[in-house]
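Please find below some remarks on the model under review. They are set out as numbered points and can be read against the coordinates.

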Number of protein chains: 2
Amino acid sequence: MYQIGEFSKICQVSVKTLRYYDGIGLLKPSSVDRFTGYRYYDRSQLERMLLIQKLKRYGFPLEEIGALLSGGEGAFRRALRRQRDKLEAQRVELETILQELDAQAQAFERTGNIMDISNGYEIKLTETEPVAVFSLRKRMGAEDYGKYFSELYERIAKEGLTPGGVTGAMYHEEEYDRESSEIELFVSVRETERADKTLEPRLCATTVHKGAYSTLNEAYAALVSWIEENGYERDGAPYDVYRQGAWSNLAPKDWETEIYFPVRKKA
Amino acid sequence: MYQIGEFSKICQVSVKTLRYYDGIGLLKPSSVDRFTGYRYYDRSQLERMLLIQKLKRYGFPLEEIGALLSGGEGAFRRALRRQRDKLEAQRVELETILQELDAQAQAFERTGNIMDISNGYEIKLTETEPVAVFSLRKRMGAEDYGKYFSELYERIAKEGLTPGGVTGAMYHEEEYDRESSEIELFVSVRETERADKTLEPRLCATTVHKGAYSTLNEAYAALVSWIEENGYERDGAPYDVYRQGAWSNLAPKDWETEIYFPVRKKA
DNA sequence: CTTGACACTCCCCTTGGGGCAGGGCTTATA
DNA sequence: TATAAGCCCTGCCCCAAGGGGAGTGTCAAG
């Protein structure tokens, strides 16, 4: 039997934390004095605590740790795998951010300008050409694009058609949420009459964004404010066309994305 | 002039966030209607917002972003570098955790045992040999070890002495805090009489921990509870000796650390 | 009997907002 | 003309994982 202070030293955890875990029911002391409220711990608590710390290190939230500790082996195995994938995704994201930061720092050293924004975006008004596409509309998050584009390309291959070199995504909701939005992915095909649909010619404000996708919002902002200031208004769902993207073997800073906003002259 | 809702769509940021930023003084609207309280934004706010989002992506806390935006170029440059190092450290940490998770998952698949703990630690009682060491005592965090060990080895080289193959750290505070504790690093030298001091022979409970340092707490816990249960008590500062460590080119899972707890028989 | 080391509960604080209640303003529609 | 729909506002409580401190109770030693 250890008092809370002793026990905290053994597990290298603060007393506060032990009391907190007791409170949320994650690690109950083996006994509590009814009159003084003193908590007493023993060996089995120690083992549980070490496991908790380990899982915490793997990034599990405490609530899930509690569930895992009282759950079965299968769930535990699955949770480990899921967490592995999550950490892996985090690692990729972190590396992307690091590259962006480096690029930004270099640009800053060159130009002395805190932000090289809004100088690069040349915005044009164009009438788009009609494009016959295979498309797939669905509610999805930003990290699902890859999966669904693969589906599209498989379908095209299965039907013996030829991709036409235009790959893009259309945003059907006003507010875009990385986690989940209503999105339509499309890939152009040469065989016009066998396509799912055709993107009709539209008057669009458009620009080209160079760099990783995480900075697309800058181009987006530039376009939206251009539209406002030049007396147009939005008229339909905007879309991106990926000229050079994640699948090419270029570095993220050399990717190229065209952004199209259907517009009409304001009344 | 944009209303808050419009502006939120332009920057792809929630209205709530805009109000919050206004509240903490990070991004003030260009004007606020005195009677209705309506916030109005314009172009310059847009640029500032994009920069804020960029810095947020790099991991800066909002408060620091505010300071950077009103600070000078030099500070900005330094902050970028600092943040780069921080992200880099995070990446390394994340990779370590991933390796640990993989090792753990494999062990789990093999043994079917959620935790292969407390089976591995063979605890022994020994009388240590005296060791002549160069040492450096200081309040430091866990990530400073490398730096200070380098200092020690440089001193040894400068004085023309020969390292004796024992590298370790002694913990002078009861509660260990990764961030900052009173720690004494030591490296043994062959030239006994020119050493800083000698680790005197002591009766110690000891064990060997195999694996990354992050799981040292398990060995530590095993030792502390062994001491309690076998009628001993702690008698002095415990220390680690790194047999195979971060500087070797072994994978973390093959590192070996000896842990020593000076003890005496309880009265 | 007192002192010091420990223990307890209770409350407020952190980051970066999300969610909801309750209310004000303007405009489009029945 | 009434009302409903969109905007907008403030103010309150909520999240995770505890940290810090106030005020008070308990235990063993001198």
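The points go from the pair of chains to the single chain and then to individual residues.

1. Status and symmetry. The model is predicted, not experimental. Chain B is superposed on chain A by a rotation of 180 degrees with 0.0 Å of shift along the axis, and the RMSD of that superposition is 0.2 Å. This is the relation of a two-fold axis. Which residue of chain B comes closest to the rotation axis? That residue is Arg91(B), whose C-alpha lies 3.3 Å from the axis.

2. The interface. Of the interface residues of chain B, 100% are also interface residues in chain A, so the two copies meet through the same surface.

3. Overall form of chain A. The chain contains 7 helices and 12 strands. Its radius of gyration is 27 Å, whereas a compact globule of 267 residues would have a value near 18 Å. Along the principal axes, the C-alpha atoms of chain A fill a box of roughly 80 × 50 × 40 Å. A reader who expects a globule should keep the 27 Å in mind when looking at chain A.

4. Burial, contacts and surface of chain A. Buried residues make up 43% of the 267 in the chain. Among contacts with a separation of 6 or more, 66% are between residues 24 or more positions apart. The accessible surface of chain A is about 14,000 Å², and carbon and sulfur atoms account for 49% of that area.

5. Charges of chain A. There are 38 positive and 44 negative charges in the chain. How far apart are the mean positions of the two sets? The separation is 8 Å.

6. Gln12 in both chains. Gln12(A) is not a glycine, yet has a positive phi of about 60 degrees. Gln12(A) sits in the loop that joins helix H1 (4-11) to helix H2 (15-24) of chain A. Its relative accessible area of 26% makes Gln12(A) partly exposed. For Gln12(B), phi is likewise positive at about 60 degrees, again without the residue being a glycine. The loop that holds Gln12(B) runs between helix H1 (4-11) and helix H2 (15-24) of chain B. Gln12(B) is partly exposed, with 26% relative accessibility.

7. Leu62(B). This residue belongs to helix H4 of chain B, which covers residues 62-69. Beyond its neighbours within four places in sequence, Leu62(B) is in contact with Tyr20(B), Tyr21(B), Ile24(B), Leu26(B) and Lys56(B). One of these, Leu26(B), is 36 residues away along the chain, and its C-alpha is 7.6 Å from that of Leu62(B).

8. Glu88(B). Helix H5 of chain B spans residues 73-111 and includes Glu88(B). Is Glu88(B) buried or partly exposed? Glu88(B) counts as partly exposed because its relative accessibility is 23%, and the buried class is reserved for values under 20%. The C-alpha atoms of Glu88(B) and Leu223(B) are separated by 34 Å, with the two positions 135 residues apart along the chain.

9. Met140(A). Strand S5 of chain A, residues 131-140, contains Met140(A). The residue is buried, at 2% relative accessible area. With residues up to four places away left out, Met140(A) touches Tyr145(A), Tyr148(A), Glu179(A), Ser180(A), Ser181(A), Ile183(A) and Leu185(A). By contrast, the C-alpha of Arg43(A), 97 residues apart from Met140(A) in sequence, is 47 Å away.

10. Gly141(B). In chain B, Gly141(B) lies in the loop between strand S5 (131-140) and helix H6 (145-158). Where does Gly141(B) make its contacts, once residues up to four places away are set aside? The partners are Arg178(B), Glu179(B) and Ser180(B). Glu179(B) is 38 residues from Gly141(B) in sequence, with the two C-alpha atoms 4.5 Å apart. Although placed in a loop, Gly141(B) is buried, with a relative accessible area of 2%.

Terms used: Residues numbered from 1 in each chain as written. Chains lettered and ligands numbered in written order. Predicted model: local features only at pLDDT ≥ 70, side-chain atom pairs only at ≥ 80, totals over all residues. Heavy atoms only, no water. Least-squares fit on C-alpha atoms with pLDDT ≥ 70 in both. Contact = heavy atoms within 4.5 Å. Helix = DSSP H or I, 4+ residues; strand = E, 2+ residues; numbered from the N terminus. Rg over C-alpha atoms; globule rule 2.2 N^0.38 Å. Buried < 20%, exposed > 50% of the residue type's maximum accessible area, 1.4 Å probe, protein only. Areas by Shrake-Rupley, 256 points an atom, 1.4 Å probe, with all protein chains shown as cover. Lys, Arg positive; Asp, Glu negative; His and termini not counted. Charge placed at Lys NZ, Arg CZ, Asp CG, Glu CD.
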